[in-house]
Amino acid sequence: MRKLGTNQNCEIIETDEGSLVISYTKSEDICQAVIKSDYKHVYGLGEKFDDIDQKGHTCINQVEEKFCNQGDKTYCSVPFFFTDCGWGLFVETDCVTSFEFGDEIRIQFPVKDNAFLFFGKPVEIVSEFNHYLGQIDTPPKYAFGPWISANRWNCQEDVEKTVENLEKYDFPATVLVLEAWSDEATFYIWNGAKYREKTGKDAFRYEDFDFSESAYWKDPKRMVESLNKKGIHTVLWQIPVYKKMEDGIEHLQNKMDEEYAIEEKLCLYRTDGTPYRIPEGNWFAGSLVPDFSNPETKEAWFAKRQYLLDMGVSGFKTDGGEFIYEDALVSHDRKSGKELKNTYCQQYVKTYYDHLDKDKVLFSRAGYTGVQRTPILWAGDHQSTFEELRNAYTAAISAACSGIIFWGFDIGGFAGPLPSKDLYLKSTQFACFCPVMQWHSEPDGGQFKELLKGAEGNNERSPWNMASVYDSPELLDEIRKWHHLRMKLLPYIYREAQKAVEQGIPMMKPLFMVHPTDENAYTWEDEYYFGDALLVAPLLEENAKSRKLYLPEGEWVGFFSESVYEGGSVLESTKEDYPVFIRRDVGIGIDKES
């Protein structure tokens with residue numbers, strides 16, 4: 001790793017694959033570095049949904065919230081990239097920066113910040129970058145089994161019915177995510193529960209709640225314990241706001257929380273001394289945003305939420321965090337809005353991660369530098385279309401090129417009309433070979449209905465509902481097969497997860513990351529290694545039964561057919577049920593038939 005010499009006008013750096021000529025120009029606040037390099041491809045910059053190779057793009061390094069079809073916007077931005085000619089670069093900044101990848105590479109970043117060069121093969125560059133950021137932990141083993149999730153489950157009866165269906169239809173699950181579990185005011189109190197309001201840092205305990213008259217949750221602690229006994233871990237949705245209630249709605253606990261946050265300065269403030277509120281036209285408009293750089297905020301925030309962990313909850317889905325829309329802000333640690341635009345979401349997620357024991361999980365949508373150290377990243381909201389499935393694949397690989405080790409998406413998409421049978425199957429197959437395999441359902445009627453209407457009254461993306469809607473019992477049988485395969489793969493996946501953390505490299509590695517001297521590896525960017533032994537060539541086109549693909553040098557065994565293939569060539573088609581291949585010299589070390 002080498003720090004850029006921005007205190008000079010120009011520097012020439014010799015690498016194993018040629019020279020880098022870097023010139024610098026500086027204004028009062030901004031440094032522009034112009035890099036001349038004989039590069040053809042460039043990868044990284046966070047979770048990108050538009051393209052894997054960013055050559056020809058101008059990338060604005062900025063965290064943004066965008067509902068579906070993200071295009072060039074991203075929930076998770078990382079100011080790091082690597083090229084195909086033996087070097088990569090990281091800008092260590094909190095601010096929005098610009099990366100222009102033309103014939104020359106032009107980078108603009110604040111004068112006060114630093115940039116570093118990395119040299120070597122792609123996996124070496126990514127590994128060194130991750131180790132520079134610090135220790136990464138492997139999620140618990142259960143995080144790699146099948147996940148089930150829905151925004152529409154808002155009562156204990158829904159959960160119990162879902163578990164009954166898991167058993168009835170013989171589907172394994174190791175994580176159950178509840179989004180609509182809490183009230184719509186505090187996001188830490190179970191919906192329908194009676195309780196005595198508490199101010200300040202006064203901690204809630206489960207014993208403080210009365211569920212005897214609740215129409216939603218009869219005994220959530222017993223429910224969570226019952227799920228744990230079945231090997232199903234409960235994850236609860238969270239959002240970082242002191243919510244502004246809708247007109248005409250009063251909620252005493254919410255009001256007390258807001259007043260205390262303002263009184264004790266637990267929320268972000270404008271430089272004019274007024275509390276910052278999310279501007280109109282944005283998600284949770286009018287809400288205060290907790291300042292997690294303040295230790296008092298953390299103490300008060302988790303005083304209200306620790307009881308959830310004490311009752312057996314296994315983690316949180318830390319949604320949102322892309323809430324900074326003004327520059328004239330100041331946090332407890334003296335960051336401005338310009339810095340918080342990117343870093344707030346990561347500070348929020350890290351606060352949760354630091355509070356959790358390592359046998360717990362996070363599943364987060366937004367992130368910035370350091371997102372590798374707060375696993376797991378979730379790709380956010382997508383419609384149920386093949387275009388969005390391809391966007392999710394692009395996000396997975398670009399995230400991997402940014403050093404993100406653990407990633408997942410919503411099978412078949414989350415929003416709009418239900419996916420087709422073909423889309424649901426192909427998404428399930430792809431997810432089976434991703435770090436997280438999850439199906440997730442939107443609210444009844446669509447994502448808040450006014451944003452995107454769904455299948456009115458029937459948006460459940462469960463396998464059994466999909467089979468029922470399409471009157472297709474054969475679909476249920478097929479989807480079940482992939483969920484059981486996931487459980488058979490669990491020992492391999494967990495072993496590879498531990499190895500990935502130790503080495504600082506992603507679980508999903510595109511071919512060019514492993515074979516940087518093979519020109520075909522750059523052409524076939526729609527294939528990847530899942531761990532070290534499995535090569536996956538996902539089917540991402542509607543009605544595709546097979547596909548043309550490339551196998552790198554070596555001997556390969558078909559995952560399903562056990563046919564032997566000689567690498568170093570393009571295959572027009574294969575005998576596989578799904579294009580997955582095992583490196584014969586590595587092997588996966590499990591019995592697929594057990």
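The following legends describe an overall view and several close-up views of a predicted model.

**General notes.** In this predicted model, local features need pLDDT of at least 70 and side-chain atom pairs count only at pLDDT 80 or more, while totals for chains, interfaces and linings use all residues. Residues are numbered from 1 along each chain as its sequence is written, and side-chain values use heavy atoms, with hydrogens and water left out.

**Figure 1. Overall view of the protein chain with its 13 helices and 33 strands.** Helices (H or I, at least four residues) and strands (E, at least two) are DSSP runs, numbered from the N terminus. The C-alpha atoms fill a box of roughly 70 × 65 × 40 Å along the principal axes. The radius of gyration is 24 Å, which agrees with the value near 25 Å for a compact globule of 594 residues; the radius is taken over C-alpha atoms, and the globule rule is 2.2 Å times the number of residues to the power 0.38. Buried residues account for 62% of the 594 residues, where buried means under 20% relative accessible area, exposed over 50%, and partly exposed in between (1.4 Å probe, protein chains only). Of the contacts (heavy atoms within 4.5 Å) between residues at least 6 apart in sequence, 69% join residues at least 24 apart. The accessible surface comes to about 22500 Å², and carbon and sulfur atoms contribute 45% of this area; areas come from the Shrake-Rupley method with a 1.4 Å probe, and for residues only the protein chains shown count as cover.

**Figure 2. Close-up of helix α5 (residues 295-303) and its buried residues.** The buried positions of this helix are T297, A300, W301, F302 and A303. Their cover includes α4 (252-263), α6 (306-310) and α7 (337-355). At the N-terminal end of α5, N294 acts as a cap, with a side-chain oxygen 2.9 Å from the backbone nitrogen of E296.

**Figure 3. Salt bridges within helix α7 and between separate parts of the chain.** The structure holds 39 salt bridges, each defined as a side-chain nitrogen of Lys or Arg within 4 Å of a carboxyl oxygen of Asp or Glu. E213 and K194 form one such pair, at 2.9 Å from N to O. This pair links distant parts of the chain, 19 residues apart: E213 lies in the loop between β15 (209-210) and α3 (220-229), and K194 in strand β14 (residues 194-195). E213 is exposed at 61% relative accessible area, whereas K194 is partly exposed at 43%. Within helix α7, D354 and K350 are 4 residues apart, about one turn of the helix, and their side chains meet at 2.7 Å. Both partners are partly exposed, D354 at 47% and K350 at 38%.

**Figure 4. The K509 to D532 salt bridge and a network of charged side chains.** The closest N and O atoms of K509 and D532 are 3.3 Å apart. K509 belongs to strand β26 (residues 508-510) and D532 to the loop between β27 (528-530) and β28 (534-536), so the bridge ties together parts that are 23 residues apart in sequence. K509 is buried, at 4% relative accessibility. Elsewhere, D319, E322, R365 and D381 are linked in a network of salt bridges.

**Figure 5. K341, a buried lysine without a salt bridge.** K341 is found in helix α7. The nearest side chain of opposite charge, E64, is 5.7 Å away; Lys and Arg count as positive and Asp and Glu as negative, while His and the chain ends are not counted. Not counting residues up to four places away in sequence, K341 touches Q62, V63, V96, I324 and Y325.

**Figure 6. Surroundings of D50 in the loop between β5 (42-46) and β6 (58-61).** D50 is partly exposed, at 25% relative accessibility. Leaving aside neighbours within four places in sequence, D50 is in contact with H57, G71, D72 and T394. The side chains of D50 and Q54 make a polar contact at 3.1 Å.

**Figure 7. Backbone geometry at I376, L45 and C68.** The peptide bond from P375 to I376 is cis, with omega near 25°; I376 lies in the loop between β20 (361-362) and β21 (377-378). L45, in strand β5, is not a glycine yet has a positive phi of about 70°, and its relative accessible area of 2% makes L45 buried. C68, in the loop between β6 and β7 (77-83), likewise has a positive phi, of about 65°, and is buried at 1% relative accessibility.

Methods
Polar contact = N/O pair within 3.5 Å; in protein donor to acceptor, adjacent residues only side chain to side chain.
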